[in-house]
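Here is a short briefing on one structure. It moves through charged pairs, a helix, a strand residue and the cysteines.

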Amino acid sequence: MTHAGHGYGETESSRYYLQNMKLYETQTRYYLIGRDKSRSRWRVLKIDRSEPSELNLFEDPGTYTSQDIKDLLSRLGEGNRSCGGVNFVTKAYGIVGFVKFLKPYYMILITKREQIGAICGHSIYGIRESKLLRIPHRSVLFDSISWKIEERYKKLFNSIDLSKDFFYSHTYRIMWSLQKNVFECDSDNMPFDDMFVWNSFITREFRNQLYSPHWTVALVHGFYKQVRLHCEEFNGTLTLVARRSRHFAGTRYLKRGVNAKGRVANDVETEQIVYAESTDQIASVVQHRGSIPLFWSQETSVLTPKPDISLHKIDPTYEATKLHFENLAARYGNPIVILNLVKTKEKRPREVILCREFANAVAIINHGLPKNSRMKFIQCDMHMFMRSNTTDLQDVLESIASEVVDTVGFYYSEKASENANLDASSANALKDPETCGAEQPSVKRSFQHGVLRSNCIDCLDRTNVSQYAFGLVALGQQLHQLGVDSMVQISRGSCIFKCLMEMYNQMGDVIALQYGGSPAHNKVFLRWQGKSNATIQPQEFLRSLMRHYSNAVLDGERQDAINLFLGHFRPEPDKLALWEMDSDNHLQIRRAGNDPTSDLRLSFKRSHSTGDLGEQNEASMTSSQIASEVNSIPVQGPSISFPKVRRRGSTISEAELKKCLPNDCVISEVMASSIYKSTDSSQGSADADWLSSSGNSSEDVQDRMFLTMKTNPDTEPDNRFESDEYFKDFSYVLPNTKSNRLQEREKQDCLLSEHFVNWIQEGDTLCF
């Protein structure tokens, strides 16, 4: 099993691109000369250097040969001999964009690249080196601006390291999933305004002046890993792609929850692609992670390693939350299956606050949706299972994943080569083979409908484990669809099992570094690998310290750099510098230019997320305030209240769930054991969780509860939910399409089958 650099055979799109470029300079102009892969087309881009603060671009409409380019350079050298001639500057592989701070424009070029994989024959590249070049010649620059401030902006911009976790393709829309590439046929060009394209803003000026896709590349930020799999029955590649959204992007404590446009923090799409070389078949499955879509925040400091959770801007109708799920449905279809991994029991309420509010938000939103569009909500207290000596967490997560994969499905094509050319004409052919004539054979395909949305508090550590469990189950079904019958249930300890765990482990570290400032807490993976606590705890403690230091000390500057790179902040000579501002809430006041796709930013720089912007006098609910309340907190609209918190600890029991849910929802009596009991017991050994997460880590885990929230059949017709129809779509699908894994588990009388059946037939929201 080795790293796959090239994947399988390359088949570039018929639309040519400029693969190699060379930059030359004179005193008055830059000349960027590029050629295509076949060396048959040479193009010239001229960049004016005589204007100190304007960007003027000219693309020569002609197509040149190699000899034409030599003659052009010779003439330029002769014509500019008196002022220094023409000089070679650097070799390049694409333009990342153009940026302006206070006065001059700068050009960002990719100077070194590395092929990191291929999808359907299209090469995927990672950036190894890049350069930021000032465009105006020094002779036209004036001293009217503060070069000290200019250099500081330049240094801040360069702190976004393009050589880490940025990737692109000239011929494949890597910002889209394989299924979306097949379906989308509106444009032949790269969608630079897509939510996953991070250089959308810095390429906008270029795209406004020149409608030419040859020069620029669309950068995706996240994670890309491709390996080659070899076993007795399968030979092919396994690819894992994570795409981070540029909307509401930022660092852990500075971007939390949702903004007014429904964009969530730490929004990452994960795609798992399996390709069989011998049969040319391909399968792809997509899942999603993102912050809990409520208005909430946490304040951090060096002395506050475990900050309180604050809810802001309580909205009984949950409009921003609704916008978020509408966006997910538009991207992935229905159903949206929510796997909520936050705690349901804490001595001091933190995560419990969000757990109650999130479940209530989904219930209220579902009431206004058609029955076939309602979301499916699964509550799983992962920390409880992690500390259980009687329950296998991996069994629980895989059982959930098996049902979800059977529900949403995955994309499959029996001819991957048919997906190679993904321009408009080929996309139409893929969607309707009959339009290509009788000679075009019909290709068997299946599609994914809906998505699994997983979250914990940070959407890092626990979420990554659950995503791995989903990927493992999906991989078994993908391989089975590709013709490997023995791989329906991947055995633990197999090479494929270990390979996939390592890939998700690496992805978790990368995503955690981007958002949280440290590698992921992977103690679950280490335990599954048989490592002892004596080995795990020192590593976890060091990562906790690293994350806390980054969050408390470094994240402010990291957030400034992200805001500058994405165009959320634009420096102006007569205004405060970015580092002089205590918050970035000014970003909510204006849109980025006249671009209708730009995001209306709502955030506090240091502590708050977006919920209370413009309403700073509105009361916020912190966990300490909730714990001190004697009575429930009333809100406007539907009858919702937060239960009184017991002094010994906070547990979502049956009675409390009834209080925080709408009045016409009841709790069924499906339980594996008694209701949780609050205790004062705590762990005797040191645990890194005191620093690593937002919640408590010393719960009593001897008792287990499986709760199913369903609609009361005796409610009045005008109540919020209709009887037994809430989340009915899930119950239609699962009993009739049980996976082989679930059937095998039922034969073995395993953990979750009976409870899943009860949930499927009667319930709406499943709680573990």
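## Salt bridges

K575 is exposed, at a relative accessible area of 56%. Its salt-bridge partner is E572, with the closest N and O atoms 3.6 Å apart. E572 is partly exposed, at 38% relative accessibility. The model is predicted. Across the whole structure, a search finds 20 salt bridges.

**R128 and E114**

- R128 and E114 form a salt bridge, and their closest N and O atoms are 2.4 Å apart.
- The pair ties together distant parts of the chain: R128 sits in strand β8 and E114 in strand β7, 14 residues apart.
- R128 is partly exposed, at 36% relative accessibility.
- E114 is partly exposed too, at 37%.

**R492, D392 and their network**

- The side chains of R492 and D392 meet in a salt bridge of 3.2 Å, N to O.
- This pair also links distant parts of the chain, with the two positions 100 residues apart in the numbering.
- R492 lies in the loop between α10 (461-481) and α11 (495-516).
- D392 lies in the loop between α7 (382-386) and α8 (393-408).
- R492 has a relative accessible area of 39%, so R492 counts as partly exposed.
- D392 is partly exposed as well, at 31% relative accessibility.
- A network of salt bridges links D392, D395, E398 and R492.

## Helix α2

**Length**

- Helix α2 covers residues 147-158, which is 12 residues.
- At 1.5 Å a residue, α2 should span 16 Å.
- The end C-alpha atoms of α2 are 16 Å apart, so the expected span and the model agree.

**Two sides**

- Which residues of α2 are buried? They are E150, Y153, L156 and F157.
- These four cover an arc of only 125° around the axis, so they lie on the same side of α2.
- An α-helix has 3.6 residues a turn, so residues three or four places apart point the same way.
- K148 and K155 are exposed, on the other side of α2.
- The buried residues of α2 are covered by elements including β6 (94-100), β7 (105-119), β8 (122-134) and α13 (533-565).
- Two of these covering elements, β7 and β8, are the strands that hold E114 and R128.

## T239 in strand β11

- T239 belongs to strand β11, residues 235-244.
- Is T239 buried or exposed? T239 is buried, because its relative accessible area is 2%, under the 20% cut-off.
- The side chains of T239 and Q226 are joined by a polar contact of 2.8 Å.
- Leaving aside residues up to four places away in sequence, T239 touches Y224, K225, Q226, E271, Q272, I273 and M503.
- Q226 therefore appears both as a polar partner of T239 and among the residues T239 touches.

## Cysteines

- How many disulfides does a search of the whole structure find? The search finds zero.
- C499 is in no disulfide, and the nearest cysteine sulfur, that of C495, is 7.8 Å away.
- A disulfide needs the two sulfur atoms within 2.5 Å.
- C499 is buried, with a relative accessible area of 10%.
- C380 is buried too, at 0% relative accessibility.

Definitions and conventions: Residues numbered from 1 in each chain as written. Predicted model: local features only at pLDDT ≥ 70, side-chain atom pairs only at ≥ 80, totals over all residues. Heavy atoms only, no water. Buried < 20%, exposed > 50% of the residue type's maximum accessible area, 1.4 Å probe, protein only. Expected span 1.5 Å × (residues − 1). Arc of directions from axis to C-beta. Contact = heavy atoms within 4.5 Å. Polar contact = N/O pair within 3.5 Å; in protein donor to acceptor, adjacent residues only side chain to side chain. Salt bridge = Lys/Arg side-chain N within 4 Å of Asp/Glu carboxyl O.
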